[in-house]
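Work through the exercises below with the sequence and the model open. Try each task before reading its solution.

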Amino acid sequence: MTRSPFERGTAPRPGGPANEAVRADHLLGAAEGLLRTCGQDAAVAAAVLVLVLVGVLTQLAHGGGRLGVLPLVLLAPVAVTFTISAGLAVRSRLTVVAALGEIRGRTGAPLDPGVPWTPFALGTALDGRVLDEELRRLLAAAHRCCELAWQAVVWGVATAVLCVCWTLAVVATGVGG
């Protein structure tokens, strides 16, 4: 069984170059795992929001413009939570893109992600201290991204629940057809 990179005692001790390489791999692996989770959470939030959007548009189309004021007023909380969830998903992506851009700018790497990473345009490796610092910044950005994506999922689920309640209210008023 593999251990989580966040379990106590898994971080290598500071020391020589071998430990610096292990530490860099550890930090990079932790950031990679968080970013993968972030992407999955954002995809789940997007899927939930697409389902809500399809459900609301279907209900509005089925109503044929005969929806009264009450169903439209009850749609406002759904729209607000939808917007919050979508905004959080977008912010999680922008957080990572901004962090990578800042790292590239500080290390002298090309700004085009398709270009191979050549620090300081010299072909030399980054100093261990600089590498550790930049990887920690990346890890912090990955944590923030993961938190934002998880909040997007929570708000997406809240949107889905409100959408179901809204649909039930529309059906209960008998306006939908």
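**Exercise 1. Count the salt bridges and place each one.**

Step 1. Apply the rule: a salt bridge is a side-chain nitrogen of Lys or Arg within 4 Å of a carboxyl oxygen of Asp or Glu. The count comes to three salt bridges. The model is a predicted one: local features need pLDDT of at least 70, side-chain atom pairs count only at pLDDT 80 or more, and totals for chains, interfaces and linings use all residues. Residues are numbered from 1 along each chain as its sequence is written, and side-chain values use heavy atoms, with hydrogens and water left out.

Step 2. Start in helix α1 (residues 17-63). Helices here are DSSP runs (H or I, at least four residues), numbered from the N terminus. Glutamate 32 and arginine 36 pair through their side chains at 2.8 Å, N to O. They are separated by about one helical turn because they sit four residues apart in this helix.

Step 3. Go to helix α3 (residues 128-173). Glutamate 133 bridges to arginine 137 at 2.9 Å, N to O. These two are four residues apart, about one turn of the helix. Glutamate 134 also bridges to arginine 137, at 3.2 Å, N to O. Here the spacing is three residues, again about one turn. Shared partners join Glu133, Glu134 and Arg137 into one network.

**Exercise 2. Classify the bridge residues as buried, partly exposed or exposed.**

Step 1. Set the cut-offs: buried is under 20% relative accessible area, exposed is over 50%, and partly exposed lies in between (1.4 Å probe, protein chains only).

Step 2. Take the α1 pair. Glutamate 32 has 46%, so it is partly exposed. Arginine 36 has 47%, so it is partly exposed.

Step 3. Take the α3 network. Glutamate 133, at 32%, is partly exposed. Arginine 137, at 36%, is partly exposed. Glutamate 134 has 7%, so it counts as buried.

**Exercise 3. Find how far leucine 100 lies from glutamate 134.**

Step 1. Locate leucine 100: it is in helix α2 (residues 69-107). At 30% relative accessibility, it counts as partly exposed.

Step 2. Compare sequence with space. The two residues are 34 residues apart in sequence and 9.7 Å apart in space, C-alpha to C-alpha.

**Exercise 4. Describe the surroundings of threonine 159.**

Step 1. Place it: threonine 159 lies in helix α3. Its relative accessibility is 0%, so it counts as buried.

Step 2. Look for a polar contact (a pair of N or O atoms within 3.5 Å; within protein, one must be able to donate a hydrogen and the other to accept it, and residues adjacent in sequence count only if both atoms are side-chain atoms). The side chain of threonine 159 reaches the backbone oxygen of tryptophan 155 at 2.7 Å.

Step 3. List contacts, meaning heavy atoms within 4.5 Å. Leaving out residues up to four places away in sequence, threonine 159 touches Leu49, Val52, Val78, Thr81 and Phe82.

**Exercise 5. Trace the nonpolar cores.**

Step 1. Define a core: buried Ala, Val, Leu, Ile, Met, Phe, Trp, Tyr and Cys residues joined through side-chain atoms within 4.5 Å.

Step 2. Take the largest. It has eleven residues, among them Leu27, Leu34, Ile103, Leu138 and Cys146. Helices α1 and α3 each supply at least two residues of this core.

Step 3. Take the second. This separate core has eight residues, including Val52, Leu75, Val78 and Val170.
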